[in-house]
Amino acid sequence: MNDLLILGSGSAMPTFQNSPSGQVLSLADKSFLIDCGEGVQLTMRRLGVKTARLYNVFVSHLHGDHCFGLIGLISTLGMMHRTQPLHIYAHADLEKLLRPWLDYHCTDLSFEVIFHAINPRHQEVIYEDRTIRVETLPLKHKVPTCGFLFTETHRRRTESGEFVRESRRRYAYCSDTQYTEKIIPWIEGVDVLFHESTYTDEHLSRCRSTMHSTARQAATIAQKAGVGKLVIGHFSARVESHLQFLKEAQEVFPNTVLAEETKTYPI
């Protein structure tokens, strides 16, 4: 099954309606955790997500609403007697921040936590296996931030006998960022795009000062990139009705849906 499970679609301030950022992407019989805000593991357990299948975690940036849930998740995986390594791809500072907590609270882990330092300012391949390739998408935010492009690939033998890789499904995750058209060439034609939509038009000035995007701006990126479907999320607690996000986005890009927590979307 190729789908996207929304674990959290709120921004920095948790509400009764939304938890901080977190998603599980299932693609090519593999599962990937994208960002891990506070409370993500509770939602996973409530939904019966098989954490044994999660080998790789991708963290877009080090604001707390995107990584505060990691130490709790790691601790819980240890209590579940996990044995497979957990690979975390993030800015190098994440290991500096988490290592003292691991050394203090998780001294008897039954598995290894392996950190892979990435440079959010560069576009590059950071993970690749026989069927999946993951690339960083540099974004514009207050701290070094990147999105991720997931591509399902397969090998095909040419008439000359050589093997070439061909792309199939593609999913792009654009985390916290102000409006930037620089990402368009990288995400052009993806099957599904998640793009943050923290604010609506009425909060445009705050959107600029905090380096976030509005729903309309996210839809403009989707329209210019010619994507198949747009999923918007990272909703600010300042906006009472999520339908306002949807209304403004659909005026530009009709095939837009809200990132509803606990809901899955086909890729």
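Visitor: Which residue follows α2, and what is its phi near?
Guide: We're looking at a predicted model here. Right after α2 comes H81. Its phi is positive, near 60 degrees.

Visitor: How many of the residues of α2 are buried?
Guide: The buried ones are L70, I71, L73, I74, T76, L77 and G78. They pack against several elements, including β3 (30-36), α1, β4 and β5 (86-91). So α2 is mostly covered, and the count of buried residues is seven of 10.

Visitor: How do α1 and α2 lie to each other?
Guide: Take α1 as residues 40-47 and α2 as residues 70-79. Their axes come within 8 Å and cross at roughly 45 degrees. An angle from 35 to 65 degrees falls in the oblique class. That is why α1 and α2 are called oblique.

Visitor: How many nonpolar, polar and charged residues make up the contact of α1 with α2?
Guide: On the α1 side you have Q41, M44 and R45, and they meet G72, L73 and T76 in α2. Gly goes in with the polar residues in this scheme. The split is two nonpolar, three polar and one charged.

Visitor: What about α2 and α3, which hand does their crossing have?
Guide: Helix α3 covers residues 93-105, and its axis and that of α2 come within 11 Å, crossing at roughly 45 degrees. That angle makes α2 oblique to α3. As for the hand of the crossing, it is right-handed.

Visitor: Which residues of α3 make the contact with α2, and how many residues of the contact are nonpolar?
Guide: From α2, the contact uses L70, I71 and I74. From α3 come L94, L98, W101 and L102. There are no polar and no charged residues in the contact of α2 with α3, and the nonpolar count is seven.

Visitor: Moving on to α6, how many of its residues are buried?
Guide: The buried set is A215, Q217, A218, A219, T220, I221, A222 and A225. Those residues pack against α4 (184-187), β11 (192-196), α5 (204-210), β12 (229-233) and α7. The helix is largely enclosed by the rest of the structure, because the buried count is eight of the 11.

Visitor: Which residue follows α6?
Guide: Look just past the end of the helix for a positive phi, near 60 degrees. The residue there is G226.

Visitor: At roughly what angle do α6 and α7 cross, and with which hand?
Guide: α6 is residues 215-225 and α7 is residues 242-250, with axes that come within 8 Å. The two helices are oblique to each other. The crossing angle is roughly 40 degrees, and the hand is right-handed.

Visitor: Which residues of α7 touch α6 in that crossing?
Guide: A215, R216 and A219 do the job for α6. By class, the contact of α6 with α7 has four nonpolar, no polar and two charged residues. The α7 partners are F245, E248 and A249.

Visitor: Where does D201 lie, and which residues does it touch?
Guide: D201 lies in the loop between β11 and α5. With a relative accessible area of 31%, D201 is partly exposed. The C-alpha atoms of D201 and E248 are separated by 7.9 Å, though the two are 47 residues apart along the chain. Not counting residues up to four places away in sequence, D201 touches T214, R216 and E248.

Visitor: Is I126 buried or exposed?
Guide: I126 lies in strand β7 (residues 125-128). Leaving aside neighbours within four places in sequence, I126 is in contact with F58, Y89, I118, V134, T136 and F148. The relative accessibility of I126 is 17%, and the cut-off is under 20%, so I126 counts as buried.

Visitor: How many aromatic pairs does the structure hold, and what kind is the pair of F58 and F150?
Guide: The structure holds 11 aromatic pairs. For F58 and F150, the ring centres are 5.5 Å apart and the planes sit at 90 degrees, so the pair is edge-to-face.

Visitor: What does the pair of F58 and F150 tie together?
Guide: Both F58 and F150 are buried. Ring pairs also link them with F32, Y89, Y127, F148 and Y171 into a cluster. F58 is in strand β4 (residues 54-58) and F150 in strand β9 (residues 146-157), so the pair ties together parts that are 92 residues apart in sequence.

Technical notes. Residues are numbered from 1 along each chain as its sequence is written. This is a predicted model: local features need pLDDT of at least 70, side-chain atom pairs count only at pLDDT 80 or more; totals for chains, interfaces and linings use all residues. Side-chain values use heavy atoms; hydrogens and water are left out. Axes are lines fitted to C-alpha atoms, for helices over the stretch in contact, and angles run from 0 to 180 degrees between N-to-C directions. Helices (H or I, at least four residues) and strands (E, at least two) are DSSP runs, numbered from the N terminus. Angles under 35 degrees count as roughly parallel, over 145 as roughly antiparallel, 65 to 115 as roughly perpendicular and the rest as oblique. A crossing is left-handed if the near helix is turned anticlockwise from the far one by less than a right angle, and right-handed if clockwise. Contact means heavy atoms within 4.5 Å. Rings of Phe, Tyr and Trp (its six-membered ring) pair if their centres lie within 6.5 Å; planes under 30 degrees apart count as stacked, over 60 as edge-to-face and the rest as tilted. Buried means under 20% relative accessible area, exposed over 50%, partly exposed in between (1.4 Å probe, protein chains only).
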